Structure formats: C-alpha cells, structure tokens
Amino acid sequence: MRKKLLLGNWKMNKTPSEAKAFALAANEMVDYAVAHDIEVGVAPTFVCLATVKENINPKCIVSAQNVNEHASGAYTGEISIGMLKEVGIDWVILGHSERREYNGETSEACNLKIKALLAANMTPVYCCGESLETFEKGETKAWVAEQIKAGLAGLSTEEARKVVIAYEPIWAIGTGKSATKEIAEDTIGYIRGVLRELFAEAAEDMRILYGGSVKPANVTEYMSQPDIDGALVGGASLEPDSFKALIEGMIK
C-alpha cells in the first residue's frame, strides 16, 4: 500500500518570519496527519528552509523547490545538494511547469538533477504536465510520457522506487480550473503504465501525486481515486487553516 502524501509548494511566498509562524502553527496538524498514515510536507523558498526545518514538527517533510546538479562552482544564483543537506533538507521538487516556462528547465536537465539527488540519498519530486493547447489536442498522454521517459532515463529499478512523480496539468495550476477526478485518474493511471514499461513492478511502489488548483473542497475527490497517491498543492497550502483542512480532506 502506497502511503498518501500531501506536499505544499509555497513557490515565491513567505518571508522567514512568516514561514516560522506557519511552522509553529503546523506542529499539531502534522501529528494528526501522521496518526492517520498520511505524510505531509512543505516546500519553502531557499531563504526559509533552515527556519522551517528548525521550527516545524520533525515528522514533517521540508523540501526545496529546486537544486543544481553540480557540487560547487561558478553557477551564480544556484544552490547545491551539499548546501541543502547541511540544513537538513533531503527532498527537492524538480521540473515544475513554472521552472520549465520561466527558467527554461528541460526534462533532460531534470534527469541530471534526479541522478545527483539519488546519489546523495535524497528524494526527487519530479513534475510533469501539459499545456491547455496540448490537452485540447488530445495529446496529453504522449506529452507526459515523453517527460517521464526523458526525466527518468538511465535510472535503475531501485532508483526509480525512490522518485515521487507529480502530475500537474499546466492549465489547472493557479487558474481555479482543476481537472476532474476522472481526468486526473486517467492520466495518472496512464503514467503508472509508462512507469511499468520502464521499471516493471517498481511502478506499483512509486507515488504519483496530482497538482493543479487542489483545495480543501476537492481534495477528497482526488484521494478517492486508486492511482492518485496524494497532492502537490500551491496556494491552498500557504495558510495553516487551509493546510489543516487539506489534511482533513485526505483522511475522509
């Protein structure tokens, strides 16, 4: 049985003091989630990682939103795996559609980062998803299959087991327009089929999250689907009350 996971992507929100206030407010709800066999985590900005890690319940995952695959060097503005590990971070989100659109991140670039993270015993959360144009053309499955194959190229079966996949249709991120549970389940079920082709039985152990305008009002619907193992949530993860409501929705 794959354990459900709720991961809040804070994007470029919260100062360190605001992040600390959230962390302190979240401690009891993390215990509540864990007691119901749900993993929870948050992904703050780089400047907030240490603050959140120091103040939040130790049972809560604290993830970075990106990393550089190089150990060090002349990469202005970048953050290395070693820097993250020193402040206690061992999860990283990669390939989010905003990184792909605004920063030119490719699936091939993500592949290098995934391999570096796995070599450092860290957990990559690899995002895939299609634009509205691709969705309306009926090309979603071909699009995400290519992202999965390129992003996970060269991984062994055992390495693949350690990767979390997040399917986020770009047309549903921050738009208030979410994919129906049927659309989400159909695409995520297809992704699991691609993973079976690549990694055989390991695909059954890999968690696949849904993201895209997930909120307390609809999270229960998504969690009722057999192939959806959790949610990668943006705006609805920013306030303690909403985050708690998401946890409660996942438990129903």
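Two residues are in contact when they have heavy atoms within 4.5 Å of each other. With that in hand, we can look at how this chain is put together. Among contacts between residues at least 6 apart in sequence, 71% join residues at least 24 apart.

A word on what you are looking at: this is a predicted model, in which local features need pLDDT of at least 70 and side-chain atom pairs count only at pLDDT 80 or more, while totals for chains, interfaces and linings use all residues. Residues are numbered from 1 along each chain as its sequence is written, and side-chain values use heavy atoms, with hydrogens and water left out.

**The whole chain**

The protein chain has 11 helices and eight strands; these are DSSP runs numbered from the N terminus, with helices (H or I) of at least four residues and strands (E) of at least two. Its radius of gyration, 17 Å, is close to the 18 Å that the globule rule gives for 252 residues, so the chain is as compact as a globular protein of that length. That radius is taken over C-alpha atoms, and the rule is 2.2 Å times the number of residues to the power 0.38. Along the principal axes, the C-alpha atoms fill a box of roughly 45 × 45 × 35 Å. Buried residues make up 53% of the 252 residues, where buried means under 20% relative accessible area (1.4 Å probe, protein chains only).

**Three residues to find**

Here is where to look for each one.

| Residue | Place in the chain |
|---|---|
| Asn68 | loop between strand E3 (61-64) and helix H3 (81-86) |
| Leu209 | strand E7 (residues 208-210) |
| Gly234 | loop between strand E8 (230-233) and helix H11 (240-251) |

Start with Asn68, which is buried with a relative accessible area of 8%. Its side chain makes a polar contact of 3.1 Å with that of Glu78; such a contact is a pair of N or O atoms within 3.5 Å, and within protein one must be able to donate a hydrogen and the other to accept it, while residues adjacent in sequence count only if both atoms are side-chain atoms. Leaving aside neighbours within four places in sequence, Asn68 is in contact with Tyr75, Glu78, Ile79, Ser80 and Ile81.

Leu209 is buried, with a relative accessible area of 0%. Not counting residues up to four places away in sequence, Leu209 touches residues including Leu5, Val164, Ile188 and Leu232.

Finally, Gly234 touches Asn9 and Lys11, with residues up to four places away in sequence not counted. The C-alpha atoms of Gly234 and Met206 are separated by 22 Å.

Conventions: Buried means under 20% relative accessible area, exposed over 50%, partly exposed in between (1.4 Å probe, protein chains only).
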